[in-house]
Amino acid sequence: FDAENLHGPLNLYRTLQRNGATSNSLVMGPWAHGEWSWTDGSRLGPVTFGGATTFAFREQVELPFLRFHLNADTKQQWPKALVFETGTSKWQAFDTWPPRNVRQEALHLRANGALVLGEGGVAAATASFDEFVSDPARPVPFSAVSTQRMTRSYMVEDQRFAAARPDVLVYQSEVLDVDVTLAGPMTADLLVSTTGTDADWIVKVIDVYPNDSPASADDDRSMGGYQQLVRGEPFRSRFRDGFDKPRALLANQPTRIKFDLPDVFHTFRRGHRIMVQIQSSWFPLIDRNPQTFVTIADAQPADYRKAAQRVFHSSAEGSKLIVGVLRNAL
């Protein structure tokens with residue numbers, strides 16, 4: 001939950017792996033930026049992690065690493081990948097990341113706000129869609145807290161404040177009858193259109209708690225119905241062909257938009273639901289898109305215009321998320 005740079009370390013790990021680094025290990029704990037060094041890592045906001053998670057990192061990774069490099073220890077005692085499994089609150093060690101026993105599945109967006117993992121029945125012959133109006137004058141906030149700063153715990157914040165807005169699309173699964181563990185990167189694969197000439201798409205993956213979820217032992221806030229943000233990522237349509245090739249959208253023309261969300265290792269517990277929210281602003285975490293194809297730094301007030309956004313779904317080519325499901329978790 002490193003809001004400053006979750007992408008960086010994960011991309012660095014993959015790059016080193018690709019280029020044959022002889023010593024390359026990944027540790028991912030349930031922490032905000034730098035928390036491994038100055039907190040016990042037992043909680044973030046109202047979400048708790050079953051104890052002092054930073055101690056495991058210090059004892060199993062940091063201390064052996066220092067002994068190896070400073071005291072010439074002959075054994076490398078830390079795992080290749082040590083990743084904290086949120087949702088179940090436990091550490092897991094792997095010989096590579098993502099784990100080898102992960103299969104690629106699709107979370108399909110369906111009509112009436114449904115979300116289906118896997119095939120989920122026969123898709124419709126033609127795509128249906130959901131629509132909302134995105135107004136740059138009334139952007140969707142990234143937090144329920146009124147702030148111009150990035151809050152430390154926004155990456156696990158309750159998303160019910162956003163789900164209630166008419167400019168946020170909500171899709172959720174049925175209540176899960178088994179645990180579902182997602183591991184590794186996720187890809188948003190959206191078929192969308194807009195009445196403007198540029199648009200932002202923010203995709204959020206959310207863990208919906210049962211209504212009878214109790215408060216944690218050291219926090220009196222109820223967790224019943226809590227919509228915990230697990231991952232969220234914005235993408236600006238003009239960069240769909242690359243950051244060096246900005247290109248306008250054609251108004252009302254269905255367009256494929258694909259982008260990656262940062263890696264996750266999270267178990268949606270039996271009795272929970274998986275939710276996906278889609279919106280076109282996330283303010284002030286990201287700047288407002290005028291929704292016209294202009295240089296945003298030079299945009300004039302008249303350039304900021306409302307736009308009707310459509311997300312197409314239910315057909316074989318409809319919108320979905322590609323996720324990695326840990327095989328032995330089902």
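This report covers helices, backbone exceptions, salt bridges and enclosed space in a predicted model.

## Helix α1 and its end

Helix α1 holds 12 residues, 7–18. At 1.5 Å a residue, α1 should span 16 Å. The C-alpha atoms at its ends are 16 Å apart, so expectation and model agree. After α1 comes G20. The phi of G20 is positive, near 75 degrees.

Helix α1 returns twice below. R14 of α1 takes part in a salt bridge. The helix also gives two or more residues to the lining of the largest pocket.

## A nonpolar patch at helix α2

F65, L66 and L70 make a nonpolar patch on the surface. Its area is about 300 Å². L70 belongs to helix α2, which runs over residues 53–70.

Is L70 buried or exposed? Its relative accessible area is 65%. The cut-off for exposed is over 50%, so L70 counts as exposed.

## Two cis peptide bonds

The bond from W97 to P98 is cis. Its omega is near -5 degrees. P98 sits in the loop between β5 (90–94) and β6 (102–109).

A cis peptide bond also joins F283 and P284. Here omega is about -5 degrees. P284 is in the loop between β14 (273–279) and β15 (307–313).

## Positive phi outside glycine

S89 is not a glycine, yet its phi is positive, about 60 degrees. The residue lies in the loop between β4 (81–85) and β5. S89 has a relative accessible area of 27%. Partly exposed residues fall between the 20% and 50% cut-offs, so S89 is partly exposed.

N252 is not a glycine either, and its phi is positive at about 65 degrees. Its place is the loop between β12 (227–236) and β13 (255–268). The relative accessibility of N252 is 54%, and N252 counts as exposed.

## Salt bridges

The model has 14 salt bridges. One of them pairs the side chains of R14 and D263, at 2.9 Å from N to O. R14 lies in helix α1 and D263 in strand β13, so this pair ties together parts 249 residues apart in sequence. How accessible is R14? It has 28% relative accessibility and is partly exposed. D263, at 0%, is buried, since buried means under 20%.

The side chains of D95 and R100 also meet in a salt bridge, at 3.1 Å from N to O. D95 is partly exposed, with a relative accessible area of 48%. R100 is exposed, at 62%.

## A network around D189

The side chains of R256 and D189 form a salt bridge with an N to O distance of 2.9 Å. R256 is in strand β13 and D189 is in strand β10 (residues 180–194), so the bridge ties together parts 67 residues apart in sequence. R256 is partly exposed, at 33% relative accessibility. D189 is buried, with a relative accessible area of 8%. Which residues join R256 and D189 in a network? Salt bridges with shared partners link D189, R256 and K320 into one network.

Strand β13 therefore holds a partner in two of these bridges: D263, paired with R14 of α1, and R256, paired with D189 of β10.

## The largest pocket

The largest pocket has a volume of about 750 Å³. Its lining has 28 residues. The closest to its centre are P9, S25, L26, V27 and F57. Which elements give two or more residues to this lining? They are α1, β1 (26–28) and α2.

## Cavities

The model has 2 cavities of 30 Å³ or more. The largest cavity contains about 90 Å³ of space. Its lining consists of F1, M28, G29, P30, V83, F84, T86, V230, R231, V264 and F265. The elements that give two or more residues to this lining are β4, β12 and β13.

Notes:
Residues numbered from 1 in each chain as written. Predicted model: local features only at pLDDT ≥ 70, side-chain atom pairs only at ≥ 80, totals over all residues. Heavy atoms only, no water. Helix = DSSP H or I, 4+ residues; strand = E, 2+ residues; numbered from the N terminus. Expected span 1.5 Å × (residues − 1). Patch = residues over 30% accessible without salt bridge, like charges linked within 9 Å, V, L, I, M, F, W, Y side chains within 5 Å. Areas by Shrake-Rupley, 256 points an atom, 1.4 Å probe, with all protein chains shown as cover. Salt bridge = Lys/Arg side-chain N within 4 Å of Asp/Glu carboxyl O. Buried < 20%, exposed > 50% of the residue type's maximum accessible area, 1.4 Å probe, protein only. 1 Å grid on protein atoms, 1.4 Å probe; cavity = no way out; pocket = protein on both sides within 12 Å on 5 of 7 lines; lining within 4 Å. Points joined across faces, edges and corners; volume = space filled by probe spheres on them.
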